[in-house]
Amino acid sequence: MKLTDELEQAFNNQVTMEFGAAIVYRQLAIDMDAIDLPGIAGWFRAQAEEEQDHAEKFVVHMLEREATPLIQPITPFGRHAATVLEAFEASLAHEKKVSESIREIYRLAQRTGDIDSFPLLNWFIEEQLEEESTVSAIIGRIRMIDGDGNGLLRLDSELGRRPGAELTTD
């Protein structure tokens with residue numbers, strides 16, 4: 001079933017949002033590298049890669065549905081996170097924005113009777129619940145640490161063990 005024009009535009013917007021999220025996470029990784037927290041920076045780099053994978057899932061779905069994805073202009077993040085808490089709060093705010101966008105696409109798919117989009121959108125809804133929960137838990141831990149250097153270094157070490165978070169040098 002071909003996507004309706006309205007749904008195609010919504011999917012294009014989501015592709016752009018996912019690539020934009022990758023840029024946000026890449027900037028947060030740079031910010032964490034700048035304050036010498038390589039594990040947390042690696043966590044954000046891995047997250048940036050995951051967001052690109054998410055964009056690809058939407059691209060593939062569109063191509064399978066006779067639509068040609070078009071990446072819209074991406075608004076740069078345009079600011080620095082000076083602290084770990086600021087970085088993860090920015091992450092959570094962005095994840096919530098992405099979650100709501102996906103819910104809106106789901107509502108549109110329901111209104112237009114596009115049941116072929118439901119498997120993809122259901123996967124994303126579950127993924128976004130997990131993303132928000134993970135980042136919320138990290139924020140809770142950062143608040144518990146309350147600026148303690150040892151606690152922050154322990155968190156840095158732990159988050160740096162995430163698959164894909166390892167620093168690579170060529």
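This report describes the aromatic contacts, nonpolar cores, largest pocket and unusual backbone angles of a predicted model.

## Aromatic pairs between helices

The structure contains eight aromatic pairs. One of them joins Trp43 and Phe88, whose ring centres lie 5.2 Å apart with 55° between the planes, a tilted arrangement. This pair links distant parts of the chain, since Trp43 belongs to helix α2 (residues 38-64) and Phe88 to helix α3 (residues 84-112), 45 residues apart. Both partners are shielded from solvent: Trp43 is buried at a relative accessible area of 5%, and Phe88 is buried at 0%.

A further pair is formed by Tyr106 and Phe118, with ring centres 5.0 Å apart; the planes meet at 25°, so the pair is stacked. Tyr106 is part of helix α3 and Phe118 is part of helix α4 (residues 118-145), so this contact ties together parts that are 12 residues apart in sequence. The cut-off for burial is under 20% relative accessible area. Tyr106, at 19% relative accessibility, therefore counts as buried, and Phe118, at 18%, also counts as buried.

## Ring cluster and charges over rings

Phe11, Phe58, Trp123 and Phe124 are joined into a cluster by ring pairs. Within this cluster, Trp123 also has a charged neighbour: Lys57 lies over the face of the Trp123 ring, at 4.4 Å from the ring centre.

Trp43, already described as the partner of Phe88, has a comparable contact with an arginine. The charged end of Arg162 sits over the Trp43 ring, 4.9 Å from its centre.

## Nonpolar cores

The largest nonpolar core comprises 24 residues, and the members that touch the most others are Leu28, Met32, Ile40, Trp43, Phe44 and Phe88. Trp43 and Phe88 thus appear both in this group and as the tilted aromatic pair. Two or more residues of the core come from each of α1, α2, α3, α4 and α5 (149-159).

A second core, separate from the largest one, has 22 residues. Its members include Ala10, Ala67, Ile102 and Phe124. Phe124 is also a member of the ring cluster with Phe11, Phe58 and Trp123.

## The largest pocket

The largest pocket has a volume of about 260 Å³. Its lining consists of 14 residues, and those nearest the pocket centre are Gly20, Val24, Thr75, His94 and Lys97. The elements that supply two or more lining residues are α1 (5-34) and α3. Helix α1 gives the largest share, with six residues.

In chemical character, the lining divides into nine nonpolar residues, four polar residues and one charged residue.

## Positive phi angles in loops

Asp36 has a positive phi of about 60°, although it is not a glycine. The residue is placed in the loop between α1 and α2. With a relative accessibility of 64%, Asp36 counts as exposed.

Glu66 likewise has a positive phi, near 65°, in a residue other than glycine. Glu66 is found in the loop between α2 and α3. At 59% relative accessibility, Glu66 counts as exposed.

Note on methods. Residues numbered from 1 in each chain as written. Predicted model: local features only at pLDDT ≥ 70, side-chain atom pairs only at ≥ 80, totals over all residues. Heavy atoms only, no water. Phe/Tyr/Trp six-rings, centres within 6.5 Å; stacked < 30°, edge-to-face > 60°. Helix = DSSP H or I, 4+ residues; strand = E, 2+ residues; numbered from the N terminus. Buried < 20%, exposed > 50% of the residue type's maximum accessible area, 1.4 Å probe, protein only. Lys NZ or Arg CZ within 6 Å of the ring centre and 35° of its normal. 1 Å grid on protein atoms, 1.4 Å probe; cavity = no way out; pocket = protein on both sides within 12 Å on 5 of 7 lines; lining within 4 Å. Points joined across faces, edges and corners; volume = space filled by probe spheres on them. Nonpolar A, V, L, I, M, F, W, Y, C, P; charged D, E, K, R; others polar. Core = buried A, V, L, I, M, F, W, Y, C linked by side-chain atoms within 4.5 Å.
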